[in-house]
Amino acid sequence: MDIDQYRAMLDTALDEAVTGLAEGGVPIGAALYHADGSLLGAGHNRRVQEGDPSVHAETDAFRKAGRQRSYGDTIMVTTLAPCWYCSGLVRQFGIGTLVVGESVNFPGGLDWLREAGVRVIDLADERCIKMMGDWIAANPGLWNEDIGEDPQ
């Protein structure tokens, strides 16, 4: 798979993030793809909308993909580097490749995932960087809640 294919996959996750933002939620989107390029499931952070702290973008996409026999040949695509919770999901199920829209606003568990043998591709996508950076600046308390920081 080449970088243009990963960028096309990121567009699916970015569309999900925009949907979440329009719903009043945290603008993070994700999609789970099979290595052959077929979409298995897509989702977005719905913590605010559903009042459920476990509905991060990656978990939403993972759930919507349904049960798979194996995850080693799947690609998780997300607009933002995954938090520890979602990084754990990637490791727990052995997702082979993680494509990240950006890690500027939040580095997540990328190094931990690389150390575990996950192929990590950071696209440093300007659309993702700007959308998340603008949202964090406007919603610092909600952002801290989302990543498990003390909102003080």
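Which backbone nitrogen does the side chain of Asp125 reach? In this predicted model, where local features need pLDDT of at least 70, side-chain atom pairs count only at pLDDT 80 or more, and totals for chains, interfaces and linings use all residues, the partner is the backbone nitrogen of Cys128, at 3.1 Å. Residues are numbered from 1 along each chain as its sequence is written, and side-chain values use heavy atoms, with hydrogens and water left out.

A polar contact here is a pair of N or O atoms within 3.5 Å; within protein, one must be able to donate a hydrogen and the other to accept it, and residues adjacent in sequence count only if both atoms are side-chain atoms. Asp125 sits in the loop that joins strand E5 (119-122) to helix H6 (126-138). Helices (H or I, at least four residues) and strands (E, at least two) are DSSP runs, numbered from the N terminus. With a relative accessible area of 8%, Asp125 is buried, where buried means under 20% relative accessible area, exposed over 50% and partly exposed in between (1.4 Å probe, protein chains only). Residues up to four places away in sequence aside, Asp125 touches Arg7, Leu10, Gly101 and Glu102; contact means heavy atoms within 4.5 Å.

The cysteines come next. The structure holds zero disulfides, a disulfide being a pair of cysteine sulfur atoms within 2.5 Å. For Cys86, the closest cysteine sulfur is in Cys83, and the 3.9 Å between the two is too far for a bond. Cys128 is in no disulfide either, as the nearest cysteine sulfur, that of Cys86, is 15 Å away. Cys86 is buried at 1% relative accessibility, and Cys128 is buried with a relative accessible area of 2%.

What, then, is the number of residues in the largest nonpolar core? This core has 28 residues, and those with the most contacts inside it are Ile28, Leu32, Met76, Ile95, Leu98, Met132 and Trp143. A nonpolar core is a set of buried Ala, Val, Leu, Ile, Met, Phe, Trp, Tyr and Cys residues joined through side-chain atoms within 4.5 Å. Two or more residues are given to this core by each of strand E1 (29-34), helix H3 (57-65), helix H4 (84-92), strand E4 (97-100), helix H5 (110-115) and H6. H3 supplies the largest share, four residues. Beyond its neighbours within four places in sequence, Ile95 is in contact with Leu32, Tyr71, Thr74, Met76, Leu89, Val90 and Val118. Another core lies apart from the largest one and has 16 residues, among them Met9, Leu10, Val77 and Ile121.

Helix H3 deserves a second look. Seven of its nine residues are buried, so H3 is largely enclosed by the rest of the structure. The buried residues of H3 are Ala57, Glu58, Thr59, Asp60, Ala61, Phe62 and Ala65, and what covers them includes E1, strand E2 (39-44), strand E3 (74-78) and H4. After H3 comes Gly66, whose phi is positive, near 75 degrees. The loop between H3 and E3 holds Arg69, which is exposed at 89% relative accessibility.

Aromatic rings meet around H3 as well. A pair of aromatic rings is described by the distance of the centres and the angle of the planes. Rings of Phe, Tyr and Trp (its six-membered ring) pair if their centres lie within 6.5 Å; planes under 30 degrees apart count as stacked, over 60 as edge-to-face and the rest as tilted. The count comes to five aromatic pairs. In one of them, the ring centres of Phe62 and Tyr71 are 5.2 Å apart and the planes lie at 35 degrees, so the pair is tilted. Phe62 and Phe93 also form a tilted pair, 4.8 Å centre to centre with 45 degrees between the planes. This second pair links distant parts of the chain, 31 residues apart, with Phe62 in helix H3 and Phe93 in the loop between H4 and E4. Phe62 is buried, with a relative accessible area of 13%, and Tyr71 is buried at 9%, whereas Phe93 is partly exposed at 37%. Phe62, Tyr71 and Phe93 form one aromatic cluster.

Helix H1 (residues 3-22) contains Gln5, a partly exposed residue with a relative accessible area of 39%. The side chain of Gln5 reaches the backbone nitrogen of Asp2 at 2.7 Å.
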